[in-house]
Amino acid sequence: MELWCFKCQEGIQVEGTKGLAFHLRQFHAIESSGEMLICGQDGCMQTFSLLNSFLRHIKLQHIGVEKRIEEDEEDSNQQNEQMDHDNHEESSDDEVGPHVVPAEHLYLDNFDHDTLKQLALSLLMKLRSTASVPYSSVQEVMNRTREMFGSTLSALEHEMLRVMQAHGVNTDANDVRDLCYKFSTYQNPFSGIETLKQQSEYMVEKLLLVKPHEIPLGVRFDQAVCRKTGQILQKAVTDTFQYVHILDVLRMVLSPAIQRTIAAETMSPAGYIQGYQDGQQFQQLGFLRDHPLALRFQLYYDDVEVVNPLGSKTGVHKLGLFYYSIQNLPRCLNSSMNSVHLLAVCHSSDLKKFGFTPILRPFIEEMRQLESDDGAVLELRGEEVLIHGTLVSFSADSAAAHELLGFMSPSANKLCRLCDATREQIQHDFLESNFDMRDVEDHDACAEVAEARRQGDPLSGIRTSCSLNNLRSFHCVTNFNLDIMHDLLEGVCLYEVKLLLHTFTRTERLITCDELNQRIKAFHYSSNDRKNKPSAILPDRIRNLVDHKIGQKAAQMWCLVRMLPLLIGDRIPVGNKHFDLLLLLLRCMDIIYAPVTTHAQTAYLKYLILDHHQLFKQLYPQYRMINKHHHMIHYPTCIQMAGPLTTMQCLKYEMKHGFCKRVASVNCNFKNISKSVACKHQILQCAALANGEVRTAFECKAGSLVVVQSLEGGETAAESLGLNLDEEIFIATHVVLYGTDYKTNMYLVTDVNGGEPQFGKICSIIVAQPSVDSVHFLVKLCSNNGFNTHYHGYRVALPQDPMFTMKGLSSLVDHLPLTGLRSYEQASPVYLCPRYSILKTE
């Protein structure tokens with residue numbers, strides 16, 4: 001039987017799906033899971049992540065269909081001789097010619113103990129990288145598997161020898177003894193990798209695992225019970241933290257494909273800002289001018305409580321987590337969790353005791369090596385490559401940023417890291433020009449004064465100097481990185497939406513709390529927002545204005561604030577000042593969250609923020625502007641200096657916290673929790689990057705073969721792709737490209753004319769080959785009836801005489817698909833609500 005191998009890109013002679021599985025294991029080193037599998041049979045482009053699902057699909061959808069067709073043809077033929085002839089032809093088609101060796105036979109001939117060890121290690125690596133499986137369970141699985149292998153193979157060996165003796169075979173022959181030796185050898189598949197140390201060494205050698213290093217900080221005295229006497233004694237305990245060397249991680253991460261991607265990075269056209277390389281800071285740094293291909297690192301720090309926050313151990317096992325990412329990677333890759341790398345794990349109590357300097361010392365040493373003119377020479381896949389790099393950005397929430405960068409608490413009078421704003425000034429000054437920006441020389445001088453005082457210098461808002469300032473391209477006052485997740489989604493949006501809902505439900509009584517929650521629950525959210533749809537808002541939360549909480553996480557808050565005009569817009573009169581405040585905030589967020597902006601837009605954003613802040617003080621004079629309101633006035637400068645703020649936000653880093661919390665809760669052993677977290681994370685990262693890819697580029701979830709002529713707009717597809725109308729092509733109903741879902745009936749931004757985006761509805765998704773470049777969207781063009789400011793969305797409609805066009809992913813103005821939404825107004829049109837302002841680069 002001939003089946004298609006997506007790796008060989010040709011048909012191979014195998015004995016069914018079992019033979020295909022042997023072929024993939026032997027010649028392409030594909031195990032049961034971890035790599036994307038493409039069907040490829042009869043032009044099918046469906047993808048799978050599990051080998052069993054992949055083989056089952058081929059057996060049921062391709063091999064099974066062929067057999068049923070053949071059986072139906074045989075049943076319709078009433079002549080027994082012809083049926084016998086057909087059966088003979090069918091069996092002869094499945095036979096493999098004498099000159100062809102079946103793939104499974106080649107695999108079995110070459111199967112040895114090393115192959116078995118690799119399969120066993122793959123199992124252990126999968127278990128050890130799962131946060132919900134403790135090491136004790138892994139050891140138990142290994143012991144039980146070893147017992148099962150031993151019992152099964154011993155029984156098979158005994159039965160084999162019995163059958164041989166019954167047939168008069170000499171069991172003392174050398175080949176029989178060799179066979180028995182293999183039976184005894186294979187009884188323990190974990191031979192040589194039984195201990196954690198052996199497994200780690202094997203993964204370091206074969207899979208480039210980067211192990212964390214334990215670095216001492218100091219010594220403390222703790223109580224311990226003497227096992228012999230039972231007395232309580234004082235014991236010297238070394239305080240340590242876990243550090244993962246960046247140069248070792250780069251050896252694992254910088255695959256040839258990633259190196260090509262980094263080398264292909266270019267600047268945007270003049271006037272556009274799409275990344276850090278388009279900002280003014282990139283042009284001002286001499287190091288980056290001399291080494292434009294240098295790796296640009298972004299550091300992140302946060303404290304994480306890994307136990308029950310209401311339990312008795314709160315604060316005792318709190319961890320300080322340091323992550324980093326490489327800015328040079330494109331947005332489609334950097335948005336993946338695999339692009340976030342662990343730098344260090346320590347106890348928060350050790351940070352307070354020893355400070356940040358000893359924790360950051362090894363990081364600074366590696367950065368100095370990378371940002372030196374000589375750089376660092378790394379051996380990547382057998383070749384020596386010269387690498388340069390530097391730290392350009394630091395991300396954290398306000399409290400963590402002030403602590404690491406050496407500023408006083410955000411509750412201090414001097415509250416800003418970029419200017420000298422005071423708590424009273426931010427209540428009435430809403431332009432950046434009203435404040436004096438911090439200067440490097442003045443800051444360093446004030447830091448010396450602050451260090452001489454125990455509590456810092458309240459006149460300057462500086463507590464101490466920052467050790468990161470010793471790096472070549474970084475200084476805390478030129479770190480134009482204000483986190484929009486904490487400032488907006490967990491700050492301004494929560495604050496203002498709660499005040500607005502209180503006004504609409506209790507003061508103006510335009511809508512009730514119950515009706516609002518009913519609409520939140522019943523609303524038809526887009527596919528991208530469905531998993532982050534808002535939770536119900538309790539009436540007591542709206543009634544209580546002491547705090548800013550309404551029970552939403554950051555992602556839920558982003559969804560709620562964008563959908564609020566559609567949820568309640570029909571109950572709010574046009575021109576309502578309180579509703580206008582929400583619309584002004586959304587207009588600001590359209591630019592703030594845009595992946596592509598212009599210098600003109602940043603200038604416009606400055607005055608949008610001014611109007612928003614002034615309207616807030618006009619409507620709510622009794623409420624004070626918070627720090628995060630003030631941070632907003634610096635956003636235009638931050639974008640111009642360091643690029644779009646979405647590339648620097650903390651959201652993707654904080655998503656990593658969930659893994660650490662699960663590890664701690666499952667382990668239930670806090671003797672060295674920082675080591676447990678670091679080791680487990682590194683195994684997870686090694687497994688994720690084992691195939692050299694940060695993110696899977698192409699996945700096809702479902703689809704089938706369809707005749708071109710039967711498609712709506714089939715003539716356009718045939719003309720664009722050079723197909724015949726009677727030709728069959730694979731039509732997918734759901735594909736995932738770089739982590740983004742595309743389905744039929746979604747909308748795409750096809751063009752921008754006169755500043756207005758043009759939209760099209762996906763009719764069909766044509767997949768010619770299993771790659772991103774071979775995916776084509778057959779789109780029905782829509783008419784844009786203008787932007788409705790009250791509902792904050794574009795009104796679109798399908799014309800009576802449809803027009804079609806073909807679009808590939810690279811030709812789209814924006815990669816994010818949209819879903820047609822409707823408000824609660826009577827006969828609501830279809831609204832498209834992009835997450836941000838859409839621009840087309842020239």
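# Cysteines and sheets, argued from cut-offs

Student: Is C419 buried or exposed, and what makes it so?
Tutor: In this predicted model, C419 has a relative accessible area of 0%. Buried means under 20%. Therefore C419 is buried.

Student: What makes C416 count as buried?
Tutor: The relative accessible area of C416 is 1%. The cut-off is under 20%, so C416 is buried.

Student: How many disulfides does the structure hold?
Tutor: Zero.

Student: Why is there no bond from C416 to the closest cysteine sulfur?
Tutor: That sulfur belongs to C419 and lies 3.6 Å from the sulfur of C416. A disulfide needs two cysteine sulfur atoms within 2.5 Å. The 3.6 Å separation is therefore too far for a bond. From the other end, the nearest cysteine sulfur to C419 is that of C416, and C419 is in no disulfide.

Student: Now the sheets. What is the strand order in the open sheet of three strands?
Tutor: The order is β21-β22-β25, with antiparallel pairing.

Student: Why are β21 and β25 said to stand at the edges?
Tutor: β21 (783–788) and β25 (830–832) each have a single partner strand, so one side of each is left without a neighbour in the sheet. From one strand to the next, the twist averages 35 degrees.

Student: How do you know that β22 pairs with β25?
Tutor: Count the bridges. Three join β22 (residues 793–797) to β25. Pairing needs at least two, so these strands pair. They run antiparallel. One bridge partner is V830 in β25, set against V796.

Student: Which order do the strands take in the open sheet of six strands?
Tutor: β5-β6-β10-β9-β8-β13, and the pairing is mixed. β5 (213–225) and β13 (389–395) stand at the edges: each has a single partner strand, so one side of each has no neighbour in the sheet. Here the twist averages 20 degrees from one strand to the next.

Student: What makes β6 and β10 a pair?
Tutor: Two bridges join β6 (residues 232–243) to β10 (residues 341–347). The requirement is at least two, so β6 and β10 meet it. The two strands run antiparallel. Q242 stands opposite V345 in β10.

Student: Which strands does helix α15 touch as it packs on the sheet?
Tutor: Helix α15 (residues 357–370) touches β5, β6, β8 (295–304), β9 (319–326), β10 and β13. Its direction makes about 30 degrees with that of β6.

Student: And what does helix α16 touch?
Tutor: Helix α16 (residues 398–405) packs on the sheet against β8, β9 and β13. The direction of α16 makes about 110 degrees with that of β8.

How values were computed: Residues are numbered from 1 along each chain as its sequence is written. This is a predicted model: local features need pLDDT of at least 70, side-chain atom pairs count only at pLDDT 80 or more; totals for chains, interfaces and linings use all residues. Side-chain values use heavy atoms; hydrogens and water are left out. Buried means under 20% relative accessible area, exposed over 50%, partly exposed in between (1.4 Å probe, protein chains only). Helices (H or I, at least four residues) and strands (E, at least two) are DSSP runs, numbered from the N terminus. Axes are lines fitted to C-alpha atoms, for helices over the stretch in contact, and angles run from 0 to 180 degrees between N-to-C directions. Contact means heavy atoms within 4.5 Å.
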